[in-house]
Amino acid sequence: MKKEKSVEELQKEIVRLKKELKSKKKYGLVWEDKPEDVVEMCKEKLPVLKEVSNKDIITDEKKPVNILIEGDNYHALCALNYSHNKKIDIIYIDPPYNTGAKDWKYNNDYVDNNDTFRHSKWVCMMEKRLMLAKKLLKDTGIIICAIDEYEIHNVRHLLDTIFQEKNKLGMVTVLHNPKGRNLSKFFSSNSEYMLVYAKDVNKASFNDVVIDEEKLLTFDQKDELGGYRLEKFMRVRTSWSRKNKSNNYYPIYVSPKMDILTLENIKGYIPVYPKTDDGREWAWKNIPGTFNSLNKDNYFVALKEKNIINIYHKYREKQVFKNVWTNKKYFSEFNGSLLLKDILGDNYFNYPKSVFLILDILKITSSKNAIILDYFAGSGTTGHAVLELNKEDSGNRKFILVTNNENDICTDVCYPRVKKVIKGYKNLKGENIKGLSGNLKYYRTDFVDAKPTDKNKRKLTEEATEMLCIKEDTFNELKTGNKYFRVFKNDRKYTAIIYDILAIDDFKKYAQKVNGYFAVYIFSLSDDTYDEEFEDMKNKIRLSPIPEAILRIYRRIFK
Ligand SMILES: C[S@@+](CC[C@H](N)C(=O)[O-])C[C@H]1O[C@@H](n2cnc3c(N)ncnc32)[C@H](O)[C@@H]1O
């Protein structure tokens, strides 16, 4: 016979069950974890960024240096976690939509409709990258994710979990292909979405800008404060009769030249009441107190029309961002595929976004000095949009683009596109399109053995030089005449990398002759920064140990 459980045993069982219930997900996205090769390899190899210097584009040294990284974005995001922790203002991504039509690869195989793990693989891939990306955003930062109906439900859950639902700023529906997909048997999809989340909704803000000029055409008049249209100050509606709104029925006194309006009964001024020419009495939109507070900056206008004086007020243009975007400038065919073809000739890519779509979302979300990251950059539309927007509003935004080189998209589409947009090109009609000017550095992901041996630490230090330059935004190398330390600069500061502690004295002699601040990275097998050696110049340097500073970040990511 089965033995009855004691009260104590039952209590223990309740505690166990409660624990189990707590650990199980109650609501949200559940998926099968499918190990990803590019992630697994980081157990043995650490990612670094290596410059491809013959691909430098420099047209104006006063402008910011933009970055293009060729490689898997998981590796690039790991490296950026070292160089750009909390430095990115805006992330725009347009990941593969996982349509089932072999539009992306997982572990080197195309994912198609027959793959039972199709959605799980996609979610695995997105989750890891979104977690890394979130760490890059400033507290005021915003992420925008383009997506269509195939994965919108999954990515919304992911974003709600990683960024939290309360930080969702909205979902924009974009009419991008008015013809629709003509193979569809039922509804023909012609729109897609942008999901927009803040890192912290209380710290994020949108700019006060105009993106839909057509809507603003009705604001047909202008004064020193901007565009406006005139609206009657009198309300003609039964509920706004004199009887119903007696507080809003009062005289406004208008000067003989019609340029001064006041509630004071001044000699020679004409009293105007809210009356129509048939003698019916209505009410003003506001009570006298509100009229007085609004009555400045020529907000009210009196006009003699026929034989009566009408009072108007200025209705100022203000852009309200609606969440359905149908303007034809956002159609991906004309301002995406055909534009790309116009820039590159025959060499095009199937699904680029409209450059104006990205330009407008950046116009709303980014400041003029923003750093903008796109880690599914594809043909480089985001880079193009940043250059255009900087040109439009004299901004200094910088972009970081990351794309793999699937079908040579990075080397043969993204890079040449950005280069032509910067330097200028001849379009398909043979017209010369002027370059927007700017600078670009090209990097590839590479790897260093992860075993923490002295030899590997030394190797990582040597191979991390570019990552340090990216972190410090110092790209111009200066000649030091000493192979054990290198120095890079921008117009504000210097970065020094000391590969051997025996070179400390030589470096100090060099630095003492230079008037400026140094970020000094010093090779150390531990995390010693040899502070005592730099005591006499501690006001002009900031010391960090490498590779420990990098390893610390990588240990956190790969734990
Ligand atoms: C939908 S496209 C982006 C198109 C882009 N918005 C444009 O306008 O050209 C996605 C791009 O991400 C790239 N990609 C896919 N998986 C990637 C990964 N793991 N790392 C880096 N790039 C990836 C693909 O090669 C593809 O070019």
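This briefing describes a ligand site, several strand pairings, a salt bridge and some unusual backbone positions. The structure is a predicted model, and every value given below was computed from it. Around the ligand there is a shell of 19 residues, and elsewhere in the structure there is an open sheet of five strands with mixed pairing. A search of the whole structure also finds 35 salt bridges.

**The ligand and its surroundings**

- Of the 19 residues that surround the ligand, the closest are N73, D94, S379, T381 and N404.
- When this shell is sorted by residue type, seven of its residues are nonpolar, seven are polar and five are charged.
- The side chain of D94 has an N or O atom that lies 2.7 Å from a nitrogen atom of the ligand.
- Oxygen atoms of the ligand also have polar partners, for a polar side-chain atom of T381 lies 2.5 Å from an oxygen atom of the ligand, and an N or O atom in the side chain of N404 is 2.7 Å from an oxygen atom of the ligand.
- Taken alone, the ligand would expose 590 Å², and the protein buries 91% of that area.

**The five-strand sheet**

- The strands of this open sheet follow the order β25-β26-β27-β28-β29, and the pairing among them is mixed.
- The edges are occupied by β25 (476-478) and β29 (541-546), each of which has a single partner strand, so one side of each is left without a neighbour in the sheet.
- On average, and with direction ignored, neighbouring strands of this sheet are turned by 25 degrees against each other.
- Within the sheet, β27 (residues 494-498) pairs with β28 (residues 518-523) in the parallel sense over five bridges, and A496 stands opposite V520 in β28.

**The three-strand sheet**

- Another open sheet has three strands in the order β14-β13-β15, and its pairing is antiparallel.
- Its edge strands are β14 (261-262) and β15 (270-272), each of which pairs on one side only.
- Strand β13 (residues 252-254) pairs with β15 in the antiparallel sense over three bridges, and the bridge partner of I252 in β15 is V272.

**A hairpin**

- Strand β17 (residues 300-305) and strand β18 (residues 308-316) pair in the antiparallel sense over six bridges, and in β18 the bridge partner of F300 is H313.
- These two strands, β17 and β18, form a hairpin with two residues between them, and K306 in the turn has a positive phi of about 55 degrees.

**A salt bridge between distant parts of the sequence**

- Side chains of opposite charge can pair when their charged atoms come close.
- One such pair is formed by E70 and R444, whose closest N and O atoms are 3.1 Å apart in a salt bridge.
- Because E70 lies in strand β3 (residues 65-70) and R444 in strand β24 (residues 439-449), this pair ties together parts that are 374 residues apart in sequence.

**Backbone positions to look at**

- Most residues other than glycine have a negative phi, and most peptide bonds are trans.
- M258, which is not a glycine, has a positive phi near 65 degrees, and M258 is placed in the loop between β13 and β14.
- The peptide bond that joins I546 and P547 is cis, with an omega of about 10 degrees, and P547 lies in the loop between β29 and α14 (548-558).

Note on methods
Residues are numbered from 1 along each chain as its sequence is written. This is a predicted model: local features need pLDDT of at least 70, side-chain atom pairs count only at pLDDT 80 or more; totals for chains, interfaces and linings use all residues. Side-chain values use heavy atoms; hydrogens and water are left out. A residue is near a molecule or strand if one of its heavy atoms lies within 4 Å of it. A polar contact is a pair of N or O atoms within 3.5 Å; within protein, one must be able to donate a hydrogen and the other to accept it, and residues adjacent in sequence count only if both atoms are side-chain atoms. Accessible areas come from the Shrake-Rupley method with a 1.4 Å probe; for residues, only the protein chains shown count as cover. Ala, Val, Leu, Ile, Met, Phe, Trp, Tyr, Cys and Pro count as nonpolar, Asp, Glu, Lys and Arg as charged, and the others, Gly among them, as polar. Two strands pair if DSSP finds at least two bridges between them. Helices (H or I, at least four residues) and strands (E, at least two) are DSSP runs, numbered from the N terminus. Axes are lines fitted to C-alpha atoms, for helices over the stretch in contact, and angles run from 0 to 180 degrees between N-to-C directions. A salt bridge is a side-chain nitrogen of Lys or Arg within 4 Å of a carboxyl oxygen of Asp or Glu.
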